[in-house]
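Colleague: I want to go through this model with you. Please justify each label as we go.

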Amino acid sequence: MASAPRSDEMFDEFLSQRGHEVDDVGWEENYNKKQCPDCGGLHGSSASECSVCGWTPVN
């Protein structure tokens, strides 16, 4: 018997079918720096929030 998908999975599928990104987004890497995926601001390795736009990674 098949199990019903979780509501989160259904919601993620709905969004992804309409072109939205549903994966957890984290820092990008640029040489030895962290790079904000929203604005491209570069930060040291200890950064936990973008000082340019205020973005924080999903935990």
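Modeller: Keep in mind that this is a predicted model. Start with the sheet. Three strands form an open sheet, ordered β1-β2-β3, and the pairing is antiparallel.

Colleague: What makes β1 and β3 edge strands?

Modeller: Each has a single partner strand, so one side of β1 (28–30) and one side of β3 are left without a neighbour in the sheet.

Colleague: How do you know that β2 and β3 count as paired?

Modeller: Pairing needs at least two bridges between the strands. Strand β2 (residues 33–35) and β3 have two bridges, in the antiparallel sense. That meets the cut-off, so they pair. K34 has H43 as its bridge partner in β3.

Colleague: What else is there besides the strands, and in which order do the elements run?

Modeller: The protein chain has one helix and three strands. From the N terminus the order is α-β-β-β.

Colleague: Which elements have the lowest and the highest mean pLDDT?

Modeller: Helix α1 (residues 7–17) has the lowest, with a mean of 77. Strand β3 (residues 42–43) has the highest, at 94. The protein chain averages 82, and 81% of the residues score at least 70. Where pLDDT is low, the predicted coordinates should not be read in detail.

Colleague: Why is H43 called buried?

Modeller: Buried means under 20% relative accessible area. H43 has 8%, so H43 is buried. The residue sits in strand β3.

Colleague: What does H43 touch, beyond its neighbours within four places in sequence?

Modeller: H43 is in contact with W27, K33, K34, C50, S51 and V52. Take W27: the C-alpha atoms of H43 and W27 are separated by 9.8 Å, with their positions 16 residues apart along the chain. Contact is judged on heavy atoms within 4.5 Å, so the C-alpha separation does not rule out the contact of H43 with W27.

Colleague: Why do W27 and W55 both count as buried?

Modeller: The same cut-off of under 20% applies. W27 has 18% relative accessibility, so W27 passes. W55 has 13%, so W55 passes too. Buried residues make up 17% of the 59 residues in the protein chain.

Colleague: How many aromatic pairs are there, and why is the pair of W27 and W55 called edge-to-face?

Modeller: The count comes to one aromatic pair. The ring centres of W27 and W55 are 5.0 Å apart, and the limit for a pair is within 6.5 Å. Their planes stand at 85 degrees, and over 60 counts as edge-to-face, so the label follows. The pair links distant parts of the chain. W27 is in the loop between α1 and β1, W55 is in the segment after β3, and 28 residues separate them.

Colleague: Which residues make up the largest nonpolar core, and what makes it a core?

Modeller: Five residues: W27, C36, A47, C50 and W55. A core takes buried nonpolar residues joined through side-chain atoms within 4.5 Å, so these five qualify as such a set. Leaving aside neighbours within four places in sequence, W27 has contacts that include C36, A47, C50 and W55. K34, Q35, H43, S48, E49 and P57 are also in contact with W27.

Colleague: Why are Y31 and S51 called exposed?

Modeller: Exposed means over 50%. Y31 has a relative accessible area of 80%, so Y31 is exposed. S51 has 67%, so S51 is exposed as well. Y31 lies in the loop between β1 and β2, and S51 is found in the segment after β3.

Colleague: What is the sign of phi at Y31?

Modeller: Positive: phi is near 55 degrees, in a residue other than glycine.

Conventions:
Residues numbered from 1 in each chain as written. Heavy atoms only, no water. Buried < 20%, exposed > 50% of the residue type's maximum accessible area, 1.4 Å probe, protein only. pLDDT = per-residue confidence, 0-100. Helix = DSSP H or I, 4+ residues; strand = E, 2+ residues; numbered from the N terminus. Phe/Tyr/Trp six-rings, centres within 6.5 Å; stacked < 30°, edge-to-face > 60°.
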